[in-house]
Amino acid sequence: MTLATDQLNSRGLRISGSATRELANSAMGRENLIPLWFGEPDQSTPQFICDSAAKALKNGETFYTEGLGKPFLREAIATYQNNLYDCNMATDRIAVTLSGGNALNLAFQSILDDGDKMVTTLPSFPNLLAIPALQGADVQAVNIRPTEDGWKLDIDEFLDRAKGAKVVLLNSPNNPTGWTLNHDEQRYILDELRNRGTWIIADDVYSRLYYDGKAAPAFLEISQPEDRLIVVNSFSKAWAMTGWRIGWLTLPASLTPTVEKLMEYSAACVPAFTQHAALSAITKGEDFIETSNQRYLKSLEVVSKRLSEFPNIKFPRPNAAFYAYFQINGVTDNMAYARKILDETGVGLAPGIAFDPDAKDWFRLCFANSTDRINEAFDRMTPLLLSQ
Ligand SMILES: Cc1ncc(COP(=O)(O)O)c(C=O)c1O
């Protein structure tokens, strides 16, 4: 039979699918599963946030909205960032988006042309490479490396590789490692790239999942309004809203009209009721963030302790995000090994190849789960891990 896709050589056809998704799909409907592969909290969205959405729906807020987001939410996001980062940004720098993923798409679309060079770091959330690749960019990456002091990026190596790039993408705190840039590093990068006229896309979706302070160091704290800086953020992680699909961009004001056009020609706008929910999250969600971060920190302690019991496992402990990214010495095919763990124990881990094609013995576990669940996962996995 001739398939509709025969002779098609589209970017969509060429791009590989997500390894983690492939594994998770194979376990659909499996009973007694402990899924630690996706990056989401185990708790559902706090009630006060859900109530705001329900109220908006009850009030008939079911129509198209402004392409850049409802003015009340754009203003609340600007105020939130001004308070958090002690800066003074105007509302016209904010665009509300349909998730962090949509924000990334809009950010890349607004600045990339076919063949432009884009440089980022590895290991990486796969979408950060796939999105610019789908838009025709020449995607390159520099490895961050595990050291005695945690994950480190050689900034000079990165800047060297970024020569000739139109844009760099820095995801700090990083998925999957938790690696975080400090302010000195951010200043050094910003100064150099400012001189070169290179754009920075900062993916800050884990900025509030930071265990050393209120928020991770941010380019927004040290930049000027018309720097070539786009910051991607999301309500998914810090406010436990992964299923709501809402995020935002912070832009130089001169780029905002471009993003408005791109939004118009894609999804047009973000639903009104999710924007009401997001308003409650960002104005009344500080207690929730604090409580859930304390909970994640406890789970991180348990994961660290349990992983330290295996002599063949290396785990550079993170201080941000909610992932344990660890290496099992002796594994040569982490997709096959993650499948084995899944089949024999019902625990779902993400294989390292999802984040770096060369990371054949690394695994990611999301610890935004109760300590009981994490202990149960390790109780189940221990015999297998010891026999490796
Ligand atoms: C680094 C990073 N950026 C962006 C996203 C997208 O988040 P969402 O589309 O759920 O807002 C994720 C999700 O896992 C992520 O890990």
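Here are some short exercises, each with a worked solution, on a predicted model of a protein with a ligand.

**Exercise 1. Find the two domains and say how far apart their C-alpha centres lie.**

Solution. Start with the bounds. Domain 1 is made of two stretches, 11-45 and 287-387, while domain 2 covers 61-285. Next, take the C-alpha centre of each domain: the two centres are 25 Å apart.

**Exercise 2. Describe the contact between domain 1 and domain 2: how many residues take part, and what area is buried?**

Solution. Begin by counting residues on each side. Domain 1 brings 31 residues into contact with 36 residues of domain 2. Then turn to area: about 2,800 Å² is buried between the two domains, and carbon and sulfur atoms give 61% of this. Finally, look for the residues of domain 1 that lose the most area to domain 2. They are Arg11, Ile289 and Phe355, and together they make up 21% of what the domain 1 side buries.

**Exercise 3. Work out which polar links join domain 1 and domain 2, and which elements of domain 1 supply the touching side.**

Solution. First look for salt bridges: the rule finds 1 across this interface. Now pick out a pair of side chains to inspect. Arginine 11 and aspartate 114 meet in a salt bridge, with 2.9 Å from N to O. That distance satisfies the rule because the nitrogen has to lie within 4 Å of the carboxyl oxygen. Side chains of opposite charge can pair when their charged atoms come close.

Next, widen the search to polar contacts, which gives 18 residue pairs between the domains. On the domain 1 side, at least two residues each come from helix 1 (11-14), helix 11 (286-308), strand 12 (323-328) and strand 15 (362-366). Helix 11 supplies the largest share, 6 residues. Sorted by class, this side of domain 1 has 18 nonpolar, 7 polar and 6 charged residues.

**Exercise 4. List the closest residues around the ligand, then find side chains with a polar atom 2.7 Å from a ligand oxygen.**

Solution. Begin with the surroundings: 14 residues surround the ligand, and the closest are Gly100, Asp203, Tyr206, Ser234 and Lys237. Now go through some side chains. In asparagine 175, an N or O atom of the side chain is 2.7 Å from an oxygen atom of the ligand. Serine 236 has a polar side-chain atom 2.7 Å from a ligand oxygen. For lysine 237, the distance from a side-chain N or O atom to an oxygen of the ligand is 2.7 Å.

**Exercise 5. Trace a salt bridge that links distant parts of the chain.**

Solution. The rule counts 20 salt bridges. One to follow is the pair of arginine 339 and glutamate 22, whose side chains meet at 3.6 Å, N to O. Now place both partners: arginine 339 sits in helix 12 (residues 334-345) and glutamate 22 in helix 2 (residues 19-26), so the pair is 317 residues apart.

**Exercise 6. Locate two cis peptide bonds and a residue other than glycine with positive phi.**

Solution. Take the bond between leucine 122 and proline 123: it is cis, with omega about -5°. Proline 123 lies in the loop between strand 3 (117-122) and helix 6 (127-134). Then take the bond from asparagine 175 to proline 176, also cis. Here omega is near 20°, and proline 176 is in the loop between strand 7 (167-171) and helix 8 (183-196). Last comes asparagine 32, with phi near 65°, in the loop between helix 2 and strand 1 (34-35).

Notes:
Residues numbered from 1 in each chain as written. Predicted model: local features only at pLDDT ≥ 70, side-chain atom pairs only at ≥ 80, totals over all residues. Heavy atoms only, no water. Domains from an automatic or database assignment. Contact = heavy atoms within 4.5 Å. Buried area = accessible area lost by both parts, 1.4 Å probe. Polar contact = N/O pair within 3.5 Å; in protein donor to acceptor, adjacent residues only side chain to side chain. Helix = DSSP H or I, 4+ residues; strand = E, 2+ residues; numbered from the N terminus. Nonpolar A, V, L, I, M, F, W, Y, C, P; charged D, E, K, R; others polar. Near = heavy atom within 4 Å.
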